[in-house]
Amino acid sequence: MAERFRPDLRWSDVTPRDAWLSRRRLIAAGGAAAGIALAAPAAARIEAAPSRWSTDERQNSFEDITRYNNFYEFGTGKEDPAANAHRLTTDPWAVVIDGLVDRPGTYDLADVLAGQPMEERIYRLRCVEAWSMVVPWIGFELAGLLSRVGVQPSAKYVAFQTLLRPEEMVGQRSRMIDWPYVEGLRLDEAMHPLTILATGLYGEPMPNQNGAPIRLVVPWKYGFKSIKSIVRISLTADEPPCTWNVLQPGEYGFYANVNPEVDHPRWSQATERRIGDGLLARRRPTLMFNGYAEHVAGLYAGMDLARYY
Amino acid sequence: MVQAINAALRRLPVPAVYLLAAVPGAWLVALAFTGGLGVDPVKRLERELGLLALQFLILGLAVTPLRRLAGISLLRFRRALGLSAFGYVLLHVAVWLALDMQFLWSQIATDLVRRPYITIGMAALALLVPLALTSTDRALRRMGAAAWARMHRLVYPATVTGGLHFVMVVKAWPLEPFLYLAAILALLALRLRRRPALARG
């Protein structure tokens, strides 16, 4: 199992919010003077430490990230979530943590976050539909939360569940999917330091359309594994059901690791289009495990990835 | 009412229909060059052009039932509707080849063989090509009306195939592609009922 990353930075190293906000205002003023629009919103709130797991690739703009979403709970169109997600109430929010854990219970969101070191994780996101983005998430390692609630030795998997609230999530009124959305990870995948629960992006609290208030991010798997608006985390002994896998098992596997050599039955996964690169951008070759192979390939040693797709 | 509509339609010159049909396409191109197609302009353009192609194919299929059931004659415009549909099909395929797949021929070739929705989409295109090529008055005269009409029934399988292509390209089973497919099948079913009459006449 991969080691848990312990940053050598302390909270005292973090630039005080007032200082960097005023710095940001200066930059914004300069940008405005030069006629440049800032991609990120000016009023940021969440403080997070930088992370060694971050990529230095060019980040997608806040607009790209918040106006192009697959979140079928708010409609199947890419722009539906941005249009419909404002109806979602994210406060109060509680997460049930149950199953094979020492301290099961219903945890208020603040309690879930308590004591977890917040980091900015700039990750590539590769959708199963062969497009990708780079997103500066704010979050903490899922392993931190799991350690806190105490994983029992018999637990082998982690199951996740999205909120079911059709009166606010208009897409759930369609019977297209057997709501609520569910996902799952093997325990070692869940404990990997790359796997985070994110509560924000671009320094902002998580926008509703991106899975507010708390979502999973597993950067080496196709985006649909990174379940949004989580209300339940269960430790289980058996492989839990996953929504897309149940819906179309021939197309979406339990593992769903990004793999350019294993095609989706209906399209190639060899290349991808990076969102935000414009009308004439070149397709990019898709990387094994979305470029995180050196950190995660060991989790699947000896497994036939064409069979366990 | 029907007479008034037909009278108004008779005053509409056919070239105007071509122009009107080109408006949504021109609008899309304008949006593409001004950043108006959102975060993923390539996919949006591809999708909208495909939808326009289907919409014009459906309009073309509606001509005969409209005349028979409502007495409204759009017959003069049927060629314009069909060729507009074909134009949008070509643009849709061109955007896929050039902007989406960027002429990655090996991947395109694999997709053509291994992705049923692409295979079936290409089949629809292949069915439409001879219809576009024989859309002139001269071709109609040379072939003779009966043979020409028989061949142009290829538009039925072409449109069904196009509708299936849309159903197959989306994830899960959202409603919209099925509405298109239902419209296509309904318009074809209206013809089935008239088959005996056709045979007699």
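**Exercise 1. A threonine in a loop**

Is Thr195(A) buried or exposed, judged by its relative accessibility? Work it out in this predicted model, then describe the surroundings of Thr195(A).

*Solution.* Start with the position: Thr195(A) sits in the loop between α6 (187-191) and β7 (196-201) of chain A. Next, take the accessibility. Thr195(A) counts as buried because its relative accessibility is 0%, and the cut-off for buried is under 20%. Now look for a polar partner: the side chain of Thr195(A) reaches the backbone oxygen of Glu189(A) at 2.8 Å. Finally, list the neighbours. Leaving aside residues up to four places away in sequence, Thr195(A) touches several residues, among them Phe140(A), Leu185(A), Val217(A) and Trp220(A). Glu189(A) is also included in that list of contacts.

**Exercise 2. A salt bridge between buried residues**

Find the salt-bridge partner of Glu183(A) and say how the pair is placed in chain A.

*Solution.* The partner is Lys225(A), with the closest N and O atoms 2.7 Å apart. Glu183(A) belongs to strand β6 (residues 182-186) of chain A, while Lys225(A) lies in the loop between β9 (215-217) and β10 (230-236), so the pair ties together parts that are 42 residues apart in sequence. Then check each side for burial. Glu183(A) counts as buried at 1% relative accessibility, and Lys225(A), with a relative accessible area of 1%, is buried too.

**Exercise 3. Linking distant parts of chain A**

Which residues form salt bridges with Glu57(A) and with Arg58(A)? Compare the accessibility classes within each pair.

*Solution.* Take Glu57(A) to begin with. Glu57(A) pairs with Arg274(A), and their closest N and O atoms are 3.0 Å apart. This pair links distant parts of the chain, 217 residues apart: Glu57(A) is in the loop between α1 (17-33) and α2 (62-67), and Arg274(A) is in strand β11 (residues 271-274). Glu57(A) is partly exposed at 24% relative accessibility, whereas Arg274(A) is buried at 8%.

Move on to Arg58(A). The side chain of Arg58(A) meets that of Asp277(A) in a salt bridge, 3.0 Å from N to O. Here, too, distant parts of the chain are linked, 219 residues apart, with Arg58(A) in the loop between α1 and α2 and Asp277(A) in the loop between β11 and β12 (284-285). Asp277(A) is partly exposed, with a relative accessible area of 26%, and Arg58(A) is exposed at 56%.

Now put the two pairs together. Glu57(A), Arg274(A), Arg58(A) and Asp277(A) belong to a network of salt bridges that also includes Arg124(A), Arg126(A), Glu272(A) and Arg284(A).

**Exercise 4. Where the chains meet**

How many residues does each chain give to the contact, and how much area is buried? Go on to describe the side of chain B.

*Solution.* Count the residues: 26 come from chain B and 32 from chain A. The two chains bury about 2,400 Å² between them, 54% of it on carbon and sulfur atoms. In chain B, Val39(B), Gln102(B) and Lys171(B) lose the most area to chain A, together 33% of what that side buries.

Turn to the polar links. There are 5 salt bridges between chain B and chain A. One of them joins Asp263(A) to Arg114(B), whose closest N and O atoms are 3.5 Å apart. The interface also shows 11 residue pairs in polar contact.

Last, see what the side of chain B is made of. Elements giving two or more residues to that side include α3 (41-70), α4 (78-100) and α9 (155-169) of chain B. The largest share, 4 residues, comes from α3(B). By class, the side of chain B has 15 nonpolar, 3 polar and 8 charged residues.

Definitions and conventions:
Residues are numbered from 1 along each chain as its sequence is written. Chains are lettered from A and ligands numbered from 1 in the order in which they are written. This is a predicted model: local features need pLDDT of at least 70, side-chain atom pairs count only at pLDDT 80 or more; totals for chains, interfaces and linings use all residues. Side-chain values use heavy atoms; hydrogens and water are left out. Contact means heavy atoms within 4.5 Å. Buried area is the accessible area (1.4 Å probe) that two parts lose on being put together, summed over both. A salt bridge is a side-chain nitrogen of Lys or Arg within 4 Å of a carboxyl oxygen of Asp or Glu. A polar contact is a pair of N or O atoms within 3.5 Å; within protein, one must be able to donate a hydrogen and the other to accept it, and residues adjacent in sequence count only if both atoms are side-chain atoms. Ala, Val, Leu, Ile, Met, Phe, Trp, Tyr, Cys and Pro count as nonpolar, Asp, Glu, Lys and Arg as charged, and the others, Gly among them, as polar. Buried means under 20% relative accessible area, exposed over 50%, partly exposed in between (1.4 Å probe, protein chains only).
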